[in-house]
Amino acid sequence: MPDINHSALMNEAVNEAKKGLAEGGIPIGCVVVLDGEIIGRGHNQRIQEGSVIKHAEMDALENTGRLSPAQYRACTLYTTLSPCPMCSGAVRLYGIKYVVIGENTTFQGDETFLKSEGVTLTIIDDPTCIDLMTRFIEQNPALWHEDIGELE
């Protein structure tokens with residue numbers, strides 16, 4: 001993985017998560033980085049937009065816009081929470097090789113799949129990410145379970 005300041009970039013993803021929470025949504029944020037520069041950012045907007053697919057990673061990829069396959073392979077995705085199967089599939093589809101995860105304590109997504117596809121995962125265990133999700137899940141269990149496709 002390129003030598004990059006993970007904490008500064010994860011902080012940008014955290015800012016996206018906080019933006020989503022302030023909008024009444026689920027506090028998950030993501031940024032897409034190419035050559036050390038943020039080229040896309042997003043946050044979970046399923047509640048705000050009534051969307052079935054607007055997880056933070058999907059929103060960030062959408063906001064990144066079209067890239068060449070070589071550019072996608074050179075990107076690093078920073079997400080505050082371990083990616084679910086849908087978002088992991090998008091990482092695989094576009095050949096993103098590096099994913100930096102703020103935390104996987106409150107939810108462990110499809111990390112096994114990502115690793116099996118050759119994606120390098122870096123898990124930070126960021127206390128802010130853990131706190132945001134812990135408080136949200138405690139206060140909004142029904143919304144959380146809906147977001148990850150599980151029954152309460």
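Let's start with a pair of opposite charges: Arg41 and Glu16 form a salt bridge, and their closest N and O atoms are 3.5 Å apart. Arg41 sits in strand β2 and Glu16 in helix α1, so this pair ties together parts of the chain that are 25 residues apart in sequence. Keep in mind as you look around that this is a predicted model.

The two partners sit in rather unlike surroundings. Glu16 has a relative accessibility of 7%, so it counts as buried. Arg41 is partly exposed, because its relative accessible area is 31%, and partly exposed covers the range between 20% and 50%. There is also a third member here: Glu12 joins Glu16 and Arg41 in a network of salt bridges.

How many salt bridges are there in the model? The count comes to seven. Another one of them links the side chains of Glu117 and Arg92, at 2.5 Å from N to O. Glu117 belongs to the loop between α6 and β5, while Arg92 is part of helix α5, so once again the pair ties together parts 25 residues apart in sequence. Glu117 is partly exposed at 32% relative accessibility, and Arg92 is partly exposed too, at 40%. Now try Lys54 and Asp59, whose side chains meet in a salt bridge at 3.4 Å, N to O. Lys54 and Asp59 are both buried.

Next, find Glu103, in the loop between β4 (98-101) and α6 (111-116). Which side chain of opposite charge is nearest to this buried residue? That would be Arg135, but Arg135 is 11 Å away, and Glu103 has no salt bridge. A salt bridge needs the nitrogen and the oxygen within 4 Å, so a gap like that rules one out. What Glu103 does have is a polar atom of its side chain lying 2.6 Å from the backbone nitrogen of Thr105. Setting aside neighbours within four places in sequence, Glu103 also touches several residues, including Thr80, Leu81, Ser82 and Asp126.

Let's move on to the helices. Helix α3 (residues 56-64) packs with helix α5 (residues 85-93) at an angle of about 35 degrees, and their axes are 8 Å apart. Where they meet, α3 brings Glu57, Met58 and Leu61, and α5 brings Met86, Cys87 and Ala90. Sorted by class, that contact has five nonpolar residues, one charged residue and no polar ones.

For a look at a strand, go to Thr76 in β3 (residues 75-79). Is Thr76 buried or exposed? With a relative accessibility of 1%, Thr76 counts as buried. Beyond its neighbours within four places in sequence, Thr76 is in contact with Val31, Val32, Val33, Tyr98 and Val100.

Finally, a bit of backbone geometry. Most residues other than glycine have a negative phi. Asp35 isn't a glycine, yet its phi is positive, at about 55 degrees. You'll find Asp35 in the loop between β1 (29-34) and β2 (37-43), and it counts as exposed at 69% relative accessibility. Asp125 also has a positive phi of about 55 degrees without being a glycine. Asp125 lies in the loop between β5 (120-123) and α7 (127-139), where it is partly exposed, with a relative accessible area of 42%.

One last stop is Asn5, in the segment before α1 (6-22). Asn5 is partly exposed at 47%, and a polar contact of 2.9 Å joins its side chain to that of Ser7.

Terms used
Residues numbered from 1 in each chain as written. Predicted model: local features only at pLDDT ≥ 70, side-chain atom pairs only at ≥ 80, totals over all residues. Heavy atoms only, no water. Axes fitted to C-alpha atoms, helices over the stretch in contact; angles between N-to-C directions. Helix = DSSP H or I, 4+ residues; strand = E, 2+ residues; numbered from the N terminus. Contact = heavy atoms within 4.5 Å. Nonpolar A, V, L, I, M, F, W, Y, C, P; charged D, E, K, R; others polar. Buried < 20%, exposed > 50% of the residue type's maximum accessible area, 1.4 Å probe, protein only. Lys, Arg positive; Asp, Glu negative; His and termini not counted. Polar contact = N/O pair within 3.5 Å; in protein donor to acceptor, adjacent residues only side chain to side chain.
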